[in-house]
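Colleague: Could you take me closely through a single part of this protein, and then connect that part to what lies elsewhere in the chain? I am still learning to read structures, so please go step by step.

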Amino acid sequence: MHDNRDEIRDFLISRRARITPQQAGLAPGSRRRVPGLRREEVAVLAGVSTDWYTRLEKGHISGVSEDVLNAVARALRLDDAECAHLFDLARTASTGSRTRRPVRRPASTVRPGLQRLLDAMGDAPAIIRNGRMDILAANRLGRAMYWPVYDDAPAPAGQAPAGTRPANIARFQFLDPAGPGFFPDWDTAADITVALLRTEAGRDPYNRHLTDLIGELSTRSDDFRTRWAAHNVRLHHAGTKTFHHPAIGDLTLDYESIDLHADLGLNLTAYTAAPDTPSHDALRLLASWAATLDAAPRLTREDRSHHGQNQRERPR
């Protein structure tokens, strides 16, 4: 049996602690010993007994009905990502190694048709990643944009061959000295990455490769360990990201992130820039610079960065 009672307890306590009595429409009272709501207050808001909610918060969530979970989610004001995470935790708690039905495992490779789709998106950097933030495939611009991440774990463009450690955004972000420079708003980017990994851990707790990555990052990075303990989760579909590309400079890009339902666990993310903006010009420069990767794939980070600097300074 996968014992996730600690995860359930810590998640519910962390959500309860962030809600004030005033936000919940309750009297603040006096001499409160805990931040946020008390257990009995959550129980009242959810319409269950205090003993029952206390048992739930201790991790005994197996077999709990959807109606009760939805009531607890409303009482704790969970957003869509948090509500989905609560249901994932409940599903895992109800599933044992002896009774567990066979499940589809997340895809570990990218189909040729998906790679062709990426390659057809010639004007937009695009990547396909899995839930543990491995970049499994990219088009030419996507590989050029993420080349510092690839440089941390060398792999050819497109689908990573068997036996080669794929480029991993989380490992680069937290363990590579170049990570903070690539993400100008590093704190926000780091929060998002950890929340995505926490979401994936709730969805696929039996994934040994994911568990190994989380263990490695927790052991080697205080920043990761602190964020992991916050139990924040996230759905990642659209928005704006900023990058500082070592060879191209600053990029502010809109992204669309789409889960590939035909390929369980894979996500396609594509980046664009608004017309007539510096970032739009930078993407055109990135396309020119990408040719240097094809022509000289063995250049070091310093060599490539220097070459990009020369391109930016070249008279037009």
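Modeller: His231 is buried, because its relative accessible area is 6%, and a residue counts as buried under 20%. Please keep in mind that everything described here belongs to a predicted model. Where does His231 lie in the chain? His231 belongs to the loop between helix H13, which covers 222–228, and strand S4, which covers 238–245. Which residues does His231 touch, once those up to four places away in sequence are not counted? They are Glu7, Asp10, Phe11, Ser14, Arg15 and Arg198. The backbone of His231 also deserves a careful look, since its phi is positive, about 60°, although His231 is not a glycine. As background to that value, most residues other than glycine have a negative phi.

Met133 can be read in a similar way, for its phi is near 75°, again a positive value in a residue other than glycine. Met133 sits in the loop between strand S1 (126–129) and strand S2 (134–138), and because its relative accessibility is 4%, Met133 counts as buried. A positive phi, near 105°, is also found at Gly59, the residue mentioned here because Gly59 follows helix H3.

From His231 we can now move to helix H1, which spans residues 5–17 and packs against helix H3, residues 50–57, at an angle of about 120°, with the two axes 8 Å apart. That angle makes H1 oblique to H3. On the H1 side, the residues that meet H3 are Ile8, Arg9, Leu12, Ile13 and Arg16, and on the H3 side their partners are Tyr53, Leu56 and Glu57. Sorted by class, this contact of H1 with H3 has five nonpolar residues, three charged residues and no polar ones.

Turning to H3 itself, which of its residues are buried? The buried residues of H3 are Tyr53, Thr54, Leu56 and Glu57. They lie on the same side of H3, because they cover an arc of only 160° around the axis. Among the elements that cover these buried residues of H3 are H1, H2 and H4.

H2 and H4 are in turn packed against each other: helix H2 (residues 39–46) and helix H4 (residues 66–75) pack at an angle of about 120°, and their axes are 8 Å apart. H2 is therefore oblique to H4, and H2 passes H4 in a right-handed crossing. In this packing, Val42, Leu45 and Ala46 of H2 meet Ala71, Val72 and Ala75 of H4. By class, the contact of H2 with H4 has six nonpolar residues, with no polar and no charged ones.

Helix H4 also holds Ala73, which counts as buried because its relative accessibility is 6%. Leaving aside neighbours within four places in sequence, Ala73 is in contact with Leu78 and Cys83. The C-alpha atoms of Ala73 and Phe87 are separated by 9.7 Å, while the two residues are 14 residues apart along the chain.

Finally, these parts can be set within the whole protein, whose secondary structure comes to 15 helices and six strands. Of its 316 residues, 47% count as buried, and among contacts between residues at least 6 apart in sequence, 57% join residues at least 24 apart.

How values were computed
Residues numbered from 1 in each chain as written. Predicted model: local features only at pLDDT ≥ 70, side-chain atom pairs only at ≥ 80, totals over all residues. Heavy atoms only, no water. Helix = DSSP H or I, 4+ residues; strand = E, 2+ residues; numbered from the N terminus. Buried < 20%, exposed > 50% of the residue type's maximum accessible area, 1.4 Å probe, protein only. Contact = heavy atoms within 4.5 Å. Axes fitted to C-alpha atoms, helices over the stretch in contact; angles between N-to-C directions. Parallel < 35°, antiparallel > 145°, perpendicular 65-115°, else oblique. Left-handed = near helix turned anticlockwise from the far one by under 90°. Nonpolar A, V, L, I, M, F, W, Y, C, P; charged D, E, K, R; others polar. Arc of directions from axis to C-beta.
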